[in-house]
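Dear colleague,

Please find below the structure for your records. My findings follow it, grouped by region.

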Amino acid sequence: MCIRDRIDGARIATTTDGIGTKVELAERTGIYDTLAFDLVAMVTDDLAAAGATSLALTNVLDVDRIDPATVDALMRGLHDAAKVARISVTGGEIAELGPRVGGFGTGMHFNWCATAIGHYPPGRMPLTGADMHAGDVVVALASPGFRSNGFSLLRRILEGAFGPNWHEEKALGSTWGELALTKSVIYAPLVSDLLDADVRLSGAAHITGGGIPNKLGRVLKRTKLGVNLTDPCDVPEAVLAAQKLGNVSDADAYRAWNMGQGFMLVASESELPAIESACAKHGHTARVAGRLDEIPSIRVRSRGRDPQTLTYPKEEPK
């Protein structure tokens with residue numbers, strides 16, 4: 001969640017988040033230098049969804065014991081992710097907590113969270129969704145993997161199918177451990193550049209826990225509008241394979257995972273050329289997924305194992 005406030009006239013936004021149980025994927029695979037992309041994406045993209053530009057990040061790493069090689073890999077990743085996100089890492093803490101922190105295997109076990117601070121440059125207003133109108137287009141930005149949500153469900157599916165060492169199971173030219181560890185794309189610089197260029201976005205949603213119904217639904221809550229997503233992004237192969245393996249319905253999958261869309265932008269159709277140009281410049285795959293309308297529900301033409309039109313209720317404004 002992003003919180004907005006004023007301090008001595010400056011308009012700032014703050015958010016705190018972590019990467020949850022995705023940490024276990026690093027413990028299982030021994031790959032530690034990608035997790036920071038998940039950590040940085042969770043906080044900077046939340047700020048972007050509120051229209052704020054990221055400035056500074058602090059992080060807390062709780063460990064059972066300090067392993068220098070593992071910490072070094074995590075920090076190398078943090079350097080790289082912060083560079084992509086265009087955010088300064090201004091502080092951090094490593095807390096050695098012994099058996100209070102558990103995990104998989106015999107290596108260093110840890111939890112990792114961060115707080116990010118952003119600001120609104122002069123003339124920029126927060127994105128609240130209140131300015132959205134029927135007919136506005138919804139542009140979906142593609143996400144290549146599970147991002148950093150829904151891993152409890154994913155682990156249950158894979159352990160049920162392959163046993164306790166499911167991460168070693170071969171799949172799609174890789175292993176399930178490596179596929180599940182696919183790093184998150186960071187969308188915040190794109191959103192900031194669009195807003196700096198006076199592209200008029202009327203809403204934005206970071207598609208994480210709860211999927212499209214929850215995160216896009218949160219934006220729609222400010223209005224009486226609904227959305228019809230007739231052409232969402234394709235579901236990544238690994239996500240679709242896990243859905244089929246676990247016999248998860250499309251209705252449940254679109255609530256548990258982002259199903260291929262990491263971020264969504266809402267704008268009038270006249271802004272579409274500028275949005276598409278900026279997405280191409282930043283290397284993001286984007287598509288017009290649908291439009292807002294006056295039917296107060298969230299409709300998604302699913303692309304999972306059983307394609308159909310899913311309808312989710314939306315919470316009406318109070």
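**Strand S5 and its partners**

Strand S5 has two faces: Phe110, Trp112, Ala114, Ala116 and Gly118 make up the covered one, while Asn111, Cys113, Thr115, Ile117 and His119 make up the uncovered one. In a regular strand the side chains alternate between the two faces of the sheet. Please bear in mind throughout that the model is a predicted one.

Strand S5 spans residues 110–119 and pairs with S3 in the antiparallel sense, over 10 bridges. Two residues of the covered face can be placed in this pairing: Leu57 stands opposite Ala116, and Leu61 stands opposite Trp112. Strand S2 (residues 10–18) also pairs with S5, again in the antiparallel sense, over seven bridges. In that pairing Ala13 stands opposite Gly118 of S5.

S3 has a further partner in S4, to which it is joined by eight bridges, and these two strands run parallel. Here Val60 stands opposite Glu93 in S4. Strands of a sheet pair through backbone hydrogen bonds, either parallel or antiparallel.

**Ser54 and Arg86**

Ser54 belongs to strand S3, which covers residues 53–63. Is Ser54 buried or exposed? Its relative accessible area is 9%, and a residue counts as buried under 20%, so Ser54 is buried. Beyond its neighbours within four places in sequence, Ser54 is in contact with Thr44, Leu47, Arg86, Ile87, Ile117 and Gly118. Of these contacts, Ile117 is listed on the uncovered face of S5 and Gly118 on the covered face.

Arg86, another of the residues in contact with Ser54, sits in the loop between helix H3 (68–85) and strand S4 (88–96). With a relative accessible area of 44%, Arg86 is partly exposed. The phi of Arg86 is near 60°, a positive value in a residue other than glycine. Most residues other than glycine have a negative phi, and most peptide bonds are trans.

Asp198 also has a positive phi, of about 65°, although it is not a glycine. Its place is the loop between helix H6 (188–196) and S9. At 61% relative accessibility, Asp198 counts as exposed, because the limit for that class is over 50%.

**The seven-stranded sheet**

An open sheet of seven strands runs in the order S9-S11-S6-S12-S10-S13-S14, and its pairing is mixed. Why is one side of S9 and of S14 left without a neighbour in the sheet? Strand S9 (201–206) and strand S14 (309–313) stand at the edges and have a single partner strand each, so one side of each is left free of a neighbour in the sheet. From one strand to the next, the twist averages 20°.

Within this sheet, strand S6 (residues 137–142) and strand S12 (residues 286–293) run antiparallel and are joined by five bridges. Val139 stands opposite Val288 in S12. Helix H7 (residues 211–220) lies across S9, strand S10 (226–229), strand S11 (261–267), S12, strand S13 (297–301) and S14, and runs at about 150° to S9.

**Two buried helix residues**

Leu158 is found in helix H4 (residues 151–162) and is buried, with a relative accessible area of 0%. Not counting residues up to four places away in sequence, Leu158 touches Gly163, Trp166, Trp176 and Leu245. From Leu158 to Ala140 the separation is 18 residues in sequence and 28 Å in space, C-alpha to C-alpha.

Gly177 lies in helix H5 (residues 176–180) and is likewise buried, at a relative accessible area of 0%. Its contacts, leaving out residues up to four places away in sequence, are Leu25, Thr29, Trp166 and His167. Trp166 is thus touched by Gly177 and by Leu158. The C-alpha atoms of Gly177 and Trp166 are separated by 7.4 Å, and the two residues are 11 apart along the chain.

**The second largest pocket**

How is the lining of the second largest pocket divided? Its residues comprise eight nonpolar, six polar and four charged. The volume of this pocket is about 350 Å³. Among the 18 residues of its lining, Leu127, Asp131, Arg200, Leu201 and Ser202 are the closest to the centre.

Yours sincerely

Methods: Residues numbered from 1 in each chain as written. Predicted model: local features only at pLDDT ≥ 70, side-chain atom pairs only at ≥ 80, totals over all residues. Heavy atoms only, no water. Helix = DSSP H or I, 4+ residues; strand = E, 2+ residues; numbered from the N terminus. Buried < 20%, exposed > 50% of the residue type's maximum accessible area, 1.4 Å probe, protein only. Contact = heavy atoms within 4.5 Å. Pairing = 2+ DSSP bridges. Axes fitted to C-alpha atoms, helices over the stretch in contact; angles between N-to-C directions. 1 Å grid on protein atoms, 1.4 Å probe; cavity = no way out; pocket = protein on both sides within 12 Å on 5 of 7 lines; lining within 4 Å. Points joined across faces, edges and corners; volume = space filled by probe spheres on them. Nonpolar A, V, L, I, M, F, W, Y, C, P; charged D, E, K, R; others polar.
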